[in-house]
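Okay, thanks for making room for me on the agenda. I'd like to walk you through one structure today, so have it open while I talk.

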Amino acid sequence: MTVDPTISQRILAALHNEILSDPVEAVGDLLGIANIILLTRRSIWNFPVGIAMVSLLGYVFFRAHLYSDTLTQLYFFVVQIIGWVAWLRHREPDGEVTVETSNPRELGLYIAGTAATALSLGYFMSHILHAAFPYWDATVASASIVAQLMLTWRRIENWLWWIGANMISIVIYPLKGLYLTAALYAFMMSLSILGFLAWRRKLLAQHVDRTALAKA
């Protein structure tokens, strides 16, 4: 009599098969891990790594009929280049960049922009392209779009948007058989939490430095 494998064993087996059958997704996911680690350290090298990552994952999402995510990767490709240039102008001597926080008006615009984009994109994907999980996928896409803009502008709140997008991704990607990418996003969510804390420490250190400079 054979014993059914546990859920964890099934997930590991699915991940193993996915790595062997889809090396493009595997490489893209590894680049995603490297990208977010570089972001937590505010390293400008996150941009070339990110450009390679979104190129590969865009192809993966297109095959899975996750069209909102596919379009988002194309958007990321362009904004990564813009962010690269923007960060070059705000580097410190150690190569890292300064961190800023959003004011209430900016946060209101971010929230409204995320909601409006999710609803409009979700409707389009549902009624025109008949995409999988159109509104959830659109919410991930819209949150990621706004988060990438905040990242370009070095706003600490970008991490909160990434955390929300990652939480949804963890649910919908396994339903499309993208177990490896779902595992990546679970790991990225934990890194996003660490990134928020690291940027918050940097923001506080900047405040102390500016206060000391003002008193000098």
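Let me start with one residue, Glu100. Glu100 is partly exposed, at a relative accessible area of 24%. Keep in mind throughout that what we're looking at is a predicted model.

So which residue does Glu100 pair up with in a salt bridge? That's Arg154, and the closest N and O atoms of the two sit 3.8 Å apart. Now look at where the partners are: Arg154 is in the loop between H6 and H7, while Glu100 is in the loop between H4 and helix H5 (104–127), so the pair ties together parts 54 residues apart in sequence. Unlike Glu100, which is partly exposed, Arg154 is buried, with a relative accessible area of 9%. The cut-off for buried here is under 20% relative accessible area.

How many salt bridges does the structure hold? Two. The other pair is Glu106 with Arg155, where the closest N and O atoms are 3.4 Å apart. Glu106 belongs to helix H5 and Arg155 to the loop between H6 and H7, so this pair ties together parts that are 49 residues apart in sequence. Here both partners, Glu106 and Arg155, are buried.

Let me stay with Arg154 for a moment, since its backbone deserves a look too. Most residues other than glycine have a negative phi. Arg154, though, has a positive phi, near 65 degrees. Another residue to check is Arg42, also not a glycine, with a positive phi of about 60 degrees. Arg42 lies in the loop between H2 and H3. Is Arg42 buried or exposed? It counts as buried, at 8% relative accessibility.

Okay, let's zoom out to the whole chain. It has eight helices and zero strands. If you read off the elements from the N terminus on, you get α-α-α-α-α-α-α-α. Of the 216 residues in the chain, 44% are buried. As for contacts, take those with a separation of 6 or more: residues 24 or more positions apart account for 72% of them. On the outside, the accessible surface of the chain comes to about 11,500 Å², and carbon and sulfur atoms own 72% of that.

Now for the inside. The structure holds one cavity of 30 Å³ or more. Its volume is about 280 Å³. There are 25 residues lining this cavity, and the closest to its centre are Met53, Phe76, Trp162, Tyr185 and Met188. If you want to find the spot on your screen, pick those five and look between them.

What does the lining look like by class? You get 15 nonpolar residues, nine polar ones and one charged one. And which helices supply at least two residues each? Those are H2 (23–40), H3 (46–63), H4 (67–88), H6 (134–152), H7 (158–175) and H8 (179–215). H7 gives the most, with six residues.

Let me finish with a couple of individual residues that show how the helices meet. First up is Leu39, in helix H2. Leu39 counts as buried, at 5% relative accessibility. What does Leu39 touch, once you leave out residues up to four places away in sequence? The list is Asn46, Trp87, Leu151, Trp159 and Trp199. Take Leu151 out of that list: along the chain it is 112 residues apart from Leu39, yet the C-alpha atoms of the two are separated by 9.2 Å.

The other one is Thr114, over in helix H5. Thr114 is buried as well, with a relative accessible area of 13%. Setting aside neighbours within four places in sequence, Thr114 is in contact with Ser142, Ala143, Val146 and Trp161.

So, to recap what I'd keep in your heads: an eight-helix chain with zero strands, one cavity of 30 Å³ or more, and two salt bridges. Both of those bridges have an arginine from the loop between H6 and H7, Arg154 in one and Arg155 in the other. That's my bit, happy to take questions.

Definitions and conventions: Residues numbered from 1 in each chain as written. Predicted model: local features only at pLDDT ≥ 70, side-chain atom pairs only at ≥ 80, totals over all residues. Heavy atoms only, no water. 1 Å grid on protein atoms, 1.4 Å probe; cavity = no way out; pocket = protein on both sides within 12 Å on 5 of 7 lines; lining within 4 Å. Points joined across faces, edges and corners; volume = space filled by probe spheres on them. Helix = DSSP H or I, 4+ residues; strand = E, 2+ residues; numbered from the N terminus. Nonpolar A, V, L, I, M, F, W, Y, C, P; charged D, E, K, R; others polar. Buried < 20%, exposed > 50% of the residue type's maximum accessible area, 1.4 Å probe, protein only. Contact = heavy atoms within 4.5 Å. Areas by Shrake-Rupley, 256 points an atom, 1.4 Å probe, with all protein chains shown as cover. Salt bridge = Lys/Arg side-chain N within 4 Å of Asp/Glu carboxyl O.
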